[in-house]
Amino acid sequence: MRILLTNDDGIEAEGLECLERIARTLSDDIWVCAPQVEQSGKGRGITLTEPLRVNTLGPKRFAVTGTPTDCVVLAVNDLMPERPDLVLSGVNRGHNVGEDCSYSGTVAGALQGMAFGIRSIALSQSLERFHDDVTAHWETSEAYAPAIISRLLVQPWQNGVVMNLNFPNRPPDAVTEIEVTRQGFRDLGEMHAVKRTDLRGRDYYWMSFRGTKQEHPDGTDLRAMDEGKISVTPLHIDLTHMPSVRDLKGFLGGAPPKTMAAE
């Protein structure tokens, strides 16, 4: 099995080293194509307004001056002699649950693999808090990911689906359960901009999250992280809200309207 690895934390990230160890339990044919520098929060962004540079760091190992999506596109179309059988994206430093999934470059790398028709899995390791001084329990991802991936690969997947794996902020021995979950949603008021002033007296803003404690519904990826479980969430990118489609068809279908709606 030929496996392509990518991430959004950058080519030198600890999580990518962890992912390589995970991947080598599954295959010896491992390719790495990851961003030159951190691309967290870039989502499915692609680079359109400047050239991409590829630095060859060794056999089957490349760093790209672009996003995770750029990396997967270049690897599959240009850098690899044959398409991979599996794309693994991560292991992200910090979980990717709830609305994180729409921002996450880690999830985006997996989504691009899916767009090529390749089975793709995003992996993330939860943290106590997102700070440079906090050490992630990489050993937890490494302990459980190989067996989970192997079981996922022997199951049929529907088209257009990626698997989003999140490992809790616990050492391996403290993890007792895995749960198949749905994507949850936080209070969007958590996101805000912190206003600061530079040394020349000019204001600037730093995007941040308040990190307030919330109760999340049972069965969600957010609740699984709260309870110290491993979360496996099948994701897809169809953003259509079908109940609204059915509601709208009743009064917007047919010939386009020429008169204003009555209040």
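## Finding your way around the sheet

Six of the six residues of E7 are buried, so this strand is largely enclosed by the rest of the structure. Keep in mind that you're looking at a predicted model. Let's work outwards from E7.

**Exercise 1.** Work out which residues of E7 sit on each side of the strand, and whether they are buried or exposed.

*Solution.* Start with a rule of thumb: in a regular strand, side chains alternate between the two faces of the sheet. Now take one side of E7, where you'll find Val 162, Asn 164 and Asn 166. Then flip to the other side, which has Met 163, Leu 165 and Phe 167. To call a residue buried, its relative accessible area has to be under 20%. These residues are all buried, so both faces of E7 are covered.

**Exercise 2.** Find the strands that E7 pairs with, and say in which sense each pair runs.

*Solution.* First look at strand E6 (residues 119-125): E7 (residues 162-167) pairs with it in the parallel sense, over five bridges. One partnership to spot here is Ala 122 with Asn 164 in E7. Next, go to E11, which runs antiparallel to E7 and is joined to it by five bridges. Here Met 163 has Pro 234 in E11 as its bridge partner.

**Exercise 3.** Put the strands of the open sheet in order and pick out its edges.

*Solution.* Walk across the nine strands and you get E3-E4-E2-E1-E5-E6-E7-E11-E8, with mixed pairing. The edges are strand E3 (54-58) and strand E8 (178-180), since each pairs on one side only. From one strand to the next, the twist averages 20°.

**Exercise 4.** Which strands does helix H4 touch, and how is the helix directed relative to E6?

*Solution.* Locate helix H4 at residues 105-115, packed on the sheet. Then list its contacts: E1, E5, E6, E7 and strand E11 (230-235). Finally, compare directions: H4 makes about 170° with E6.

**Exercise 5.** Find the residues that make the nonpolar surface patch of about 400 Å².

*Solution.* Look for Tyr 103, Met 191, Met 207 and Phe 209. Then zoom in on Phe 209, which lies in strand E10 (residues 203-209). Phe 209 is partly exposed, with a relative accessible area of 45%.

Technical notes:
Residues are numbered from 1 along each chain as its sequence is written. This is a predicted model: local features need pLDDT of at least 70, side-chain atom pairs count only at pLDDT 80 or more; totals for chains, interfaces and linings use all residues. Side-chain values use heavy atoms; hydrogens and water are left out. Patches are made of residues with over 30% relative accessible area and no salt bridge: like charges are joined within 9 Å, nonpolar side chains (Val, Leu, Ile, Met, Phe, Trp, Tyr) within 5 Å. Accessible areas come from the Shrake-Rupley method with a 1.4 Å probe; for residues, only the protein chains shown count as cover. A salt bridge is a side-chain nitrogen of Lys or Arg within 4 Å of a carboxyl oxygen of Asp or Glu. Helices (H or I, at least four residues) and strands (E, at least two) are DSSP runs, numbered from the N terminus. Buried means under 20% relative accessible area, exposed over 50%, partly exposed in between (1.4 Å probe, protein chains only). Two strands pair if DSSP finds at least two bridges between them. Axes are lines fitted to C-alpha atoms, for helices over the stretch in contact, and angles run from 0 to 180 degrees between N-to-C directions. Contact means heavy atoms within 4.5 Å.
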